[in-house]
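Here is a short tour of a protein chain and the ligand that comes with it. Please keep the viewer open while you read.

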Amino acid sequence: MKFEIVTIFPLMVKAALTEGLLLRAIEKGIISVKVHDLRDWSVDRHRKVDDLPFGGGGGMVFRPEPLFAAVEQIKAASGATPAAVVLMCPQGRRLDQKEIRRLSAEYERLILLCGRYEGIDERVRQHLVDLEISIGDYVLSGGELPALIVVEAVTRLLPGAIGRAECAVQDSFSEGLLDYPHYTRPAEFRGWRVPEVLLSGDHEAIARWRREKSLERTAQRRPDLLAGGNPSVPAGTGSKR
Ligand code: SAM
């Protein structure tokens, strides 16, 4: 999977690629991430990429020329590889695990555009962008952190990216349920004991307990997930499978 991130703050994005899962995935060749400085496509001798909004009002807006030029050049360099141009945007489709699964399955290349200030010229949205993604109903100052969230969430689903494949399968939302509680050593801490079933060695009983806890947690914390028509989850709360 190839990610191309277009930003005016390339160092901010690159910093996140120097440790942890993303660094390992890059080193293993599972993903590649190219970070592009939007100012390289500026049409201004001072490398400006923004301008005042027509109609007045506060804030600056990204001009269309640098974004169009950046995307066109990145696409030309990537040949026929299917790519989606994604605008990070609080008005976009709210990101969830289902959408992350779709992105990881359907695309080999994502071109992620990071806005700043008041946002981008509307013609970019209308004529350049394939999809708009929001990471939630709140507003950040830029699209860099949202873009990195997309990169990390997609990468976790790619084969070989995380240590044990089953970890991604049991994660919250992967089966439409929240994850069950996890415990490790010591078996007793300050008088709080780990549930006996987890120490029993009875794998069937452990699997049953985990499933029950998953359903219980989902019913308590996110009943909307159970009511959401997920075919792998029975309607109603607290049911056992
Ligand atoms: N005026 C814009 C609006 O109200 O829709 C907000 C612009 S915001 C200050 C600047 C940039 O941050 C956006 O262009 C977008 O790239 C990014 N951004 C902010 N919040 C975001 C969110 N929740 N999801 C994705 N991107 C976001």
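The report below starts with the whole chain, moves on to the ligand, and ends with some local details.

## The chain as a whole

What you see is a predicted model. The protein chain has 241 residues, and 42% of them count as buried. Its secondary structure comprises 10 helices and nine strands. If you lay the C-alpha trace along its principal axes, it spans about 70 × 40 × 40 Å.

## Where the ligand sits

Now for the ligand, which you will find in the second largest pocket. There are 20 residues around the ligand, and those that come nearest are Met-88, Gln-91, Gly-115, Glu-118 and Tyr-138. By character, the shell consists of 10 nonpolar, eight polar and two charged residues.

Which strands supply at least two residues each to this shell? They are β5, covering residues 83-94, and β7, covering 131-134. Strand β5 gives the most, with four residues.

## Backbone atoms facing the ligand

It is worth zooming in on the nitrogen atoms of the ligand. A backbone N or O atom of Tyr-138 lies 2.8 Å from a ligand nitrogen. Ile-135 also brings a polar backbone atom to 3.1 Å from a nitrogen atom of the ligand, and for Gly-136 the corresponding distance is 3.1 Å. On its own the ligand has 580 Å² of accessible area, of which the protein covers 85%.

## The loop between β6 and α5

Next, follow the chain from β6 (109-113) towards α5 (122-127); the loop between them holds Asp-121. Is Asp-121 buried or exposed? Its relative accessible area is 14%, so Asp-121 is buried, given that the cut-off is under 20%. The side chain of Asp-121 makes a polar contact with the side chain of Arg-123, at 2.7 Å.

Tyr-117 is found in this loop between β6 and α5 as well. Its phi is near 55 degrees, a positive value in a residue other than glycine. Tyr-117 counts as partly exposed because its relative accessibility is 43%, between the 20% and 50% limits.

## Backbone geometry to look at

Some backbone angles deserve a second look, for a simple reason: most residues other than glycine have a negative phi, and most peptide bonds are trans. Arg-47, in the loop between β2 (32-37) and β3 (50-51), is a residue other than glycine with a positive phi, near 65 degrees. At 35% relative accessibility, Arg-47 counts as partly exposed.

Where is Pro-186 found? Look in the loop between α7 (165-170) and β8 (188-189). The peptide bond that leads from Arg-185 to Pro-186 is cis, and its omega is near 0 degrees.

## A serine in helix α4

Finally, take a look at Ser-104, which lies in helix α4, residues 97-106. Its relative accessibility is 17%, and Ser-104 therefore counts as buried, the limit being under 20%. What does the side chain of Ser-104 reach at 2.9 Å? The partner is the backbone oxygen of Arg-101.

Technical notes:
Residues are numbered from 1 along each chain as its sequence is written. This is a predicted model: local features need pLDDT of at least 70, side-chain atom pairs count only at pLDDT 80 or more; totals for chains, interfaces and linings use all residues. Side-chain values use heavy atoms; hydrogens and water are left out. A residue is near a molecule or strand if one of its heavy atoms lies within 4 Å of it. A polar contact is a pair of N or O atoms within 3.5 Å; within protein, one must be able to donate a hydrogen and the other to accept it, and residues adjacent in sequence count only if both atoms are side-chain atoms. Accessible areas come from the Shrake-Rupley method with a 1.4 Å probe; for residues, only the protein chains shown count as cover. On a 1 Å grid over the protein atoms alone, a cavity is a set of points where a 1.4 Å probe fits but cannot get out, and a pocket is an open set with protein on both sides within 12 Å along at least five of seven lines; lining residues have an atom within 4 Å of a point. A molecule sits in a cavity or pocket if more than half of its atoms lie within 2 Å of its grid points. Ala, Val, Leu, Ile, Met, Phe, Trp, Tyr, Cys and Pro count as nonpolar, Asp, Glu, Lys and Arg as charged, and the others, Gly among them, as polar. Buried means under 20% relative accessible area, exposed over 50%, partly exposed in between (1.4 Å probe, protein chains only).
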